[in-house]
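The exercises below are to be worked with the sequence and the structure at hand. Each task is followed by a solution in steps.

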Amino acid sequence: MIISLVNRMRNYIKTLGHVFGVFFFLGKKARRTKFFFLLSFLPVAVALVITFNQAFTDHHSLDGLYLFTNIIMLFYLQLIILILALFYGTSVCSEEVEGKTLPYLLTRPIPKSAVVLGKYAAYTVIVIGMVSLGMFFSFAVLNINRLLHGPIYLTLLRYWGVLTMGIIAYTAFFTFFGSFLRRSIFFGLLFSFGWENVIQYFPGSTQRFAIIHYLKSFLPLSSSGRFSFLTFRLEPTPPGLALLALFLVTAGFLGLACLLFSLKDYVLED
């Protein structure tokens with residue numbers, strides 16, 4: 001019995017790997033990926049404008065690391081990763097139904113849960129890649145004069161880790177959205193730029209009902225200033241509990257997405 005279970009797990013993992021490989025290749029070649037790649041580089045353009053402005057004006061130059069952790073991270077944490085996770089996450093399940101490709105995908109004995117997990121992993125890796133490139137270029141542009149200063153890279157790794165955790169959690173959440181909602185993009189936008197961008201500023205325990213609260217809990221509390229956007233009104237959760245909360249969000253919503261996609265009979269409209 002144990003040997004049989006091990007073989008089944010091995011076959012399931014091989015299936016996951018196959019699904020991941022297919023959709024990672026398709027995802028890289030998709031037209032939308034080119035558009036979202038440009039979107040992920042929007043903060044690079046902002047960083048270039050700031051750098052040139054400071055180089056050719058007499059105004060007092062702000063520290064590059066300070067600008068990166070406030071302005072650039074504001075773009076990524078509260079805008080870009082939400083948009084990318086929304087469009088890629090909801091498409092994990094919905095694009096197979098809307099594109100009427102689900103019957104062809106399931107002609108082989110592939111568990112529906114393997115389809116969800118494999119596509120989720122492929123799309124998550126693509127999004128992490130796009131965001132990481134844009135983030136690293138933004139960091140380099142703003143800190144061009146001290147790229148050989150080793151300690152600044154600890155800050156870069158910290159913020160990169162926060163964005164990566166955010167992409168993993170948000171994509172799982174929106175995968176769940178796409179598994180049962182027809183207008184998942186619309187409701188996802190309401191959630192992203194309504195709930196997530198409002199509830200995080202509520203005082204007390206209310207802000208803990210937003211995923212972004214747990215991401216911000218890993219960031220250092222900023223001193224008061226005109227660019228203290230990210231930690232405004234933040235009452236951080238201890239890092240260990242924040243990591244546990246993000247894990248539960250990811251595992252829980254992925255599990256629900258797999259369950260719904262496996263049990264639901266999708267009607268393919270003409």
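## Exercise 1: The nonpolar core

In this predicted model, the largest nonpolar core has 68 residues, and Phe68, Leu77, Val131 and Tyr170 are the ones that touch the most other members. Task: find which helix gives the largest share of this core, and list what Val131 is in contact with beyond its neighbours within four places in sequence.

Solution.

Step 1. The largest share of the core comes from helix H4, residues 64–98, with 18 residues.

Step 2. Set aside the neighbours of Val131 within four places in sequence; the residues in contact with Val131 are then Ser40, Tyr76, Ile80, Ile81, Leu84, Leu163 and Ile167.

## Exercise 2: The chain as a whole

Task: state how many helices and strands the protein chain has, what percentage of its residues is buried, and what share of the contacts with a separation of 6 or more joins residues 24 or more positions apart.

Solution.

Step 1. The count is ten helices and zero strands. Read from the N terminus, the order of elements is α-α-α-α-α-α-α-α-α-α.

Step 2. The protein chain has 270 residues, and 44% of them are buried.

Step 3. Among contacts with a separation of 6 or more, 81% are between residues 24 or more positions apart.

## Exercise 3: Leu39

Task: decide whether Leu39 is buried or exposed, and find which residues it is in contact with outside its neighbours within four places in sequence.

Solution.

Step 1. Leu39 belongs to helix H2, residues 31–40.

Step 2. The relative accessible area of Leu39 is 18%. The cut-off for buried is under 20%, so Leu39 counts as buried.

Step 3. With neighbours within four places left aside, Leu39 is in contact with Ile80, Ile83 and Leu84.

Step 4. For Leu39 and Ile80, the separation in sequence is 41 residues, and the C-alpha to C-alpha distance is 7.4 Å.

## Exercise 4: Two residues far along the sequence from their partners

Task: for Ser94 and Phe186, give the helix of each, the burial class of each, and the C-alpha to C-alpha distance to Arg182 for Ser94 and to Leu86 for Phe186.

Solution.

Step 1. Ser94 is in helix H4, while Phe186 is in helix H8, residues 184–199.

Step 2. Ser94 has a relative accessibility of 11% and therefore counts as buried. Phe186 has a relative accessibility of 47% and therefore counts as partly exposed.

Step 3. Ser94 and Arg182 are 88 residues apart in sequence, with 7.8 Å between their C-alpha atoms. Phe186 and Leu86 are 100 residues apart in sequence, with 9.8 Å between their C-alpha atoms.

## Exercise 5: Aromatic pairs

Task: give the number of aromatic pairs, then classify the pair of Phe173 and Phe177 and place both residues in their helix.

Solution.

Step 1. There are 21 aromatic pairs.

Step 2. One of them joins Phe173 and Phe177, with 4.8 Å centre to centre and 40° between the planes. Planes under 30 degrees apart would be stacked and over 60 edge-to-face, so this pair is tilted.

Step 3. Both residues lie in helix H7, residues 152–180, four residues apart, which is about one turn of the helix.

Step 4. Phe173 is buried at 8% relative accessible area, and Phe177 is buried at 11%.

Step 5. Phe173 and Phe177 belong to one aromatic cluster together with Tyr170, Phe174, Phe176, Phe180, Phe191 and Phe253.

## Exercise 6: A cavity and a pocket

Task: describe the volume and lining of the largest cavity, then those of the second largest pocket.

Solution.

Step 1. The whole structure contains one cavity of 30 Å³ or more, and the largest cavity holds about 40 Å³ of space.

Step 2. Its lining consists of Gln200, Tyr201, Gln207, Ile212, His213, Lys216, Leu230, Phe232, Arg233 and Leu234. By class, this lining has five nonpolar, three polar and two charged residues.

Step 3. The second largest pocket holds about 210 Å³. Of its 13 lining residues, Gln54, Leu62, Gly64, Leu142 and Asn145 lie nearest the centre.

Step 4. Helices H3 (42–55) and H6 (112–142) each supply at least two residues of that pocket lining, and H3 gives the largest share, three residues.

Step 5. The pocket lining divides into five nonpolar, six polar and two charged residues.

Terms used. Residues are numbered from 1 along each chain as its sequence is written. This is a predicted model: local features need pLDDT of at least 70, side-chain atom pairs count only at pLDDT 80 or more; totals for chains, interfaces and linings use all residues. Side-chain values use heavy atoms; hydrogens and water are left out. A nonpolar core is a set of buried Ala, Val, Leu, Ile, Met, Phe, Trp, Tyr and Cys residues joined through side-chain atoms within 4.5 Å. Buried means under 20% relative accessible area, exposed over 50%, partly exposed in between (1.4 Å probe, protein chains only). Contact means heavy atoms within 4.5 Å. On a 1 Å grid over the protein atoms alone, a cavity is a set of points where a 1.4 Å probe fits but cannot get out, and a pocket is an open set with protein on both sides within 12 Å along at least five of seven lines; lining residues have an atom within 4 Å of a point. Grid points are joined across faces, edges and corners, and a volume is the space filled by probe spheres set on the points. Ala, Val, Leu, Ile, Met, Phe, Trp, Tyr, Cys and Pro count as nonpolar, Asp, Glu, Lys and Arg as charged, and the others, Gly among them, as polar. Rings of Phe, Tyr and Trp (its six-membered ring) pair if their centres lie within 6.5 Å; planes under 30 degrees apart count as stacked, over 60 as edge-to-face and the rest as tilted.
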